[in-house]
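Trainee: I would like to go through this model with you. Can we take it one question at a time?

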Amino acid sequence: MSSRGNTPIRTFLSAGLMIAFLCFCYSCQPYQKFVPLPVIPGATYIGGEECTDCHEKVADAFPRTLHGKVEFEKWGIAGKGCEGCHGPGSAHSNEAETSKTPKQIIRFKEEHPKGRMGICLQCHRRDREREDFRRSQHAVSQVPCDECHQIHKGGVREASLKRPAPELCYSCHVRIQAEFALPERHKVPEGVVNCPDCHTSHSAANRRQLRQARDEVCFNCHSELRGPWVFEHLSVYVEGCSTCHQPHGSNNRHLLAYQEVASLCLQCHPNTPAFHNQRAVAGNFRNCTFCHVNIHGSNVNHAFFE
Ligand code: HEC
Ligand code: HEC
Ligand code: HEC
Ligand code: HEC
Ligand code: HEC
Ligand code: HEC
Ligand code: HEC
Ligand code: HEC
Ligand code: HEC
Ligand code: HEC
């Protein structure tokens, strides 16, 4: 009796421990610390209107950008408009009375990447995807928001990107660009598929910043392969698509990791049934998928013949 009484408590405790452990693991992942606005000593907020006098070009365009329509005060940001991102402007404004090159204002190009991220994350850390930004490879490698986004030409392009993907991405990921130049590839250069279909730029929720965990990202478009199958090729579920396929591009047909299908299969199936004579020219047992047609899974045949 008494041991039974304990069970819910034990379950509760072990579930609790498990959750605590998972939280611990998550908090150990590398991440970029949240950094508040860089400090300009002695400066106070003067209100965005002041800036318009001297920065006509930027100020004229600003109302047409998405940020120009945002009421910064609502977000608990001290400065209005311009000063929400560029910091308090009194010192800069005073200096500008006498100098042609006034400093004492946040110039993004000169700030440390950590500080630049902090400015944007004041508001955007509440976004569903951006809230996780600090754990992304981009944040950890100190690629701040304004490397990809432009503020003052907003509305010009989708998401105010400096350049659209994939060109934006290629500017840093040169090796990936080469993979998409291979003869077999997802049609990224042709504009059929694009990097953001599979990756996010902001989140570390999944390995390799994939939009969904593992093969789920592939099923968005290849839904016919999702199954469930009566006879599933276990490897598909145990190891995932990229055991056999190179997701970006490949020299081999069907984006396969091997030139010859047999080399791929024999890795995991070194002992095929004896009649699979690998040396026989006639009958060619090396062309595995000639017979094992539905290699991803089948509802009819355990050896994937149909
Ligand atoms: C009295 C005129 C004046 C006022 C008011 C003023 N600025 Fe400036 N600002 C300047 C001048 C002049 C420069 C230097 C331009 C340059 O270096 O090309 C400058 C430079 C800047 C820069 C750096 C530009 C760059 O190319 O790196 C930023 C950012 C900036 N100002 C933002 C602001 C903001 C935000 C406000 C309002 C709080 C403001 N300014 C108010 C005159 C002014
Ligand atoms: C949402 C954040 C944000 C707001 C709000 C903002 N800026 Fe900027 N500003 C930036 C960033 C980031 C840059 C760096 C260049 C870029 O990526 O567009 C910049 C660059 C500048 C420059 C340098 C010139 C240039 O284009 O490189 C000036 C001047 C400037 N801002 C003035 C202003 C003024 C004036 C306002 C208000 C009307 C304002 N900014 C509002 C983020 C902001
Ligand atoms: C004061 C709060 C605030 C700050 C600071 C801020 N944003 Fe935003 N941003 C917003 C709001 C609100 C929107 C409107 C869309 C939404 O609700 O997500 C927005 C929209 C955007 C969009 C979508 C624009 C589009 O054209 O589709 C981008 C990209 C963006 N912000 C990037 C940035 C970057 C980069 C920075 C830092 C340089 C920054 N934001 C700073 C509040 C802010
Ligand atoms: C490596 C490039 C890159 C970096 C760094 C980056 N972004 Fe983005 N961002 C993109 C791309 C590409 C898109 C559009 C496609 C998508 O949603 O992934 C986007 C979309 C957005 C959107 C949504 C716009 C919309 O129309 O829905 C917002 C908001 C945004 N980014 C804000 C930010 C903020 C804030 C940061 C920094 C904390 C940041 N981004 C850092 C590349 C980047
Ligand atoms: C300003 C340079 C820059 C731009 C632009 C950029 N990246 Fe990155 N990206 C990096 C760096 C640096 C890393 C971390 C080191 C690495 O893995 O190469 C990274 C990492 C990644 C990763 C994670 C790799 C991993 O090992 O987990 C993915 C996925 C990624 N980027 C996709 C994109 C996409 C998609 C775009 C375009 C929307 C883009 N990047 C634009 C610099 C950039
Ligand atoms: C069809 C989906 C898909 C598309 C489109 C795609 N990727 Fe990937 N990418 C993946 C998958 C899946 C992985 C993980 C492969 C693995 O390690 O198992 C990956 C890995 C990566 C990595 C980290 C591994 C490495 O080789 O460095 C980077 C960086 C990356 N992708 C960038 C990009 C960029 C940039 C683009 C656009 C030019 C892009 N990807 C387009 C699916 C895609
Ligand atoms: C945004 C949609 C999309 C996503 C996501 C996607 N694919 Fe594709 N895939 C396609 C399209 C479109 C083709 C091209 C079909 C064609 O060229 O006729 C293709 C072709 C392929 C091919 C080659 C087929 C052949 O006959 O040569 C393979 C293999 C493949 N995808 C695997 C994957 C894997 C693995 C993933 C996940 C990492 C994935 N795909 C994610 C759209 C997608
Ligand atoms: C055990 C290795 C293996 C795994 C794992 C695997 N594939 Fe394949 N896939 C193949 C082979 C081999 C072919 C070529 C079949 C042929 O020769 O006709 C292929 C062909 C394809 C094709 C093109 C032909 C077709 O059937 O439509 C697509 C698309 C594809 N695979 C997507 C995927 C996706 C998505 C995943 C993950 C869910 C995946 N594959 C997992 C081995 C694999
Ligand atoms: C990453 C490892 C891996 C790769 C690569 C692989 N398989 Fe498999 N395959 C497995 C596993 C694991 C099973 C399940 C074995 C079991 O149930 O005993 C399996 C099962 C099978 C079966 C069904 C066996 C049965 O019990 O009926 C066939 C047929 C088969 N694979 C053929 C292939 C062919 C053909 C290829 C190459 C296109 C291939 N496999 C590539 C791991 C792999
Ligand atoms: C000419 C047709 C043909 C070719 C080509 C072929 N197989 Fe088979 N394979 C068969 C037949 C027939 C069976 C027996 C199916 C059964 O037991 O119902 C079989 C069974 C298998 C099995 C499962 C044995 C079991 O446990 O039931 C594996 C694994 C396998 N083949 C792997 C391969 C690999 C790897 C290749 C390529 C190197 C290959 N096959 C090429 C016809 C073929």
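Trainee: How many nonpolar, polar and charged residues are in the shell around ligand 6?

Mentor: Keep in mind that this is a predicted model. The shell around ligand 6 is formed by 19 residues. Sorted by class, the shell has three charged, six polar and 10 nonpolar residues.

Trainee: Which helices each supply at least two residues of the shell around ligand 6?

Mentor: Start with the domains: domain 2 (167-213) and domain 3 (223-298) each give at least three residues to this shell. At the level of helices, at least two residues come from each of helix 8 (167-170), helix 9 (174-179) and helix 10 (195-198).

Trainee: Which residue has a side-chain N or O atom 2.8 Å from a nitrogen atom of ligand 6?

Mentor: Two arginines can be set aside, since their partner on the ligand is oxygen and a polar contact is a pair of N or O atoms within 3.5 Å. Arg175 has a polar side-chain atom 2.7 Å from an oxygen atom of ligand 6, and for Arg207 the distance to an oxygen atom of the ligand is 2.9 Å. The residue that lies 2.8 Å from a nitrogen atom of ligand 6 is His199.

Trainee: Is Arg175 buried or exposed?

Mentor: Arg175 is among the closest residues to ligand 6. Its relative accessible area is 60%. The cut-off for the upper class is over 50%, so Arg175 is exposed.

Trainee: With which residue does Arg175 form a salt bridge?

Mentor: The two partners both lie in helix 9, four residues apart, which is about one turn of the helix. The closest N and O atoms of the pair are 3.2 Å apart. The partner is partly exposed, with a relative accessible area of 22%. Arg175 forms this salt bridge with Glu179.

Trainee: Which residues do salt bridges that share partners join into one network?

Mentor: One salt bridge in this group is between Arg130 and Glu129, whose closest N and O atoms are 3.7 Å apart. Arg130 is partly exposed at 27% relative accessible area, while Glu129 is buried at 15%. Shared partners give one network of Asp127, Glu129, Arg130 and Arg211.

Trainee: How many residues apart are Arg116 and Glu147?

Mentor: Arg116 and Glu147 form a salt bridge, with 3.9 Å between the closest N and O atoms. Arg116 is in helix 6 (residues 113-124), and Glu147 is in the loop between helix 7 (137-140) and helix 8. The pair links distant parts of the chain, and the separation is 31 residues.

Trainee: Which of these two, Arg116 or Glu147, is buried?

Mentor: Buried means under 20% relative accessible area. Glu147 has 42% and therefore counts as partly exposed. Arg116 has 10%, so the buried one is Arg116.

Trainee: How many salt bridges does the count come to?

Mentor: Arg116 with Glu147 is one pair, and Arg175 with Glu179 is another. By the rule used, the count comes to nine.

Trainee: Which residue has a polar side-chain atom 2.8 Å from a nitrogen atom of ligand 8?

Mentor: Among the 17 residues around ligand 8, the nearest are Cys241, Cys244, His245, Thr289 and His296. Thr289 does not fit the question, as its polar side-chain atom lies 2.9 Å from an oxygen atom of the ligand. Arg253 also faces an oxygen atom, at 3.5 Å. The nitrogen atom of ligand 8 is 2.8 Å from a polar side-chain atom of His296.

Trainee: How many charged residues are in the shell around ligand 8?

Mentor: Helix 11 (216-219) and helix 12 each give at least two residues to this shell. By class, eight residues are nonpolar and eight are polar. The number of charged residues is one.

Trainee: The backbone oxygen of which residue lies 2.9 Å from a polar side-chain atom of His233?

Mentor: His233 sits in the loop between strand 2 (231-232) and helix 12 (234-239). At 18% relative accessible area, His233 is buried. Not counting residues up to four places away in sequence, it touches His269, Ile295, His296, Gly297 and Phe304. The backbone oxygen at 2.9 Å belongs to Ile295.

Trainee: What share of the 306 residues in the protein is buried?

Mentor: The secondary structure of the protein comes to 14 helices and four strands. Buried residues make up 29%.

Notes:
Residues numbered from 1 in each chain as written. Chains lettered and ligands numbered in written order. Predicted model: local features only at pLDDT ≥ 70, side-chain atom pairs only at ≥ 80, totals over all residues. Heavy atoms only, no water. Buried < 20%, exposed > 50% of the residue type's maximum accessible area, 1.4 Å probe, protein only. Polar contact = N/O pair within 3.5 Å; in protein donor to acceptor, adjacent residues only side chain to side chain. Contact = heavy atoms within 4.5 Å. Near = heavy atom within 4 Å. Nonpolar A, V, L, I, M, F, W, Y, C, P; charged D, E, K, R; others polar. Domains from an automatic or database assignment. Salt bridge = Lys/Arg side-chain N within 4 Å of Asp/Glu carboxyl O.
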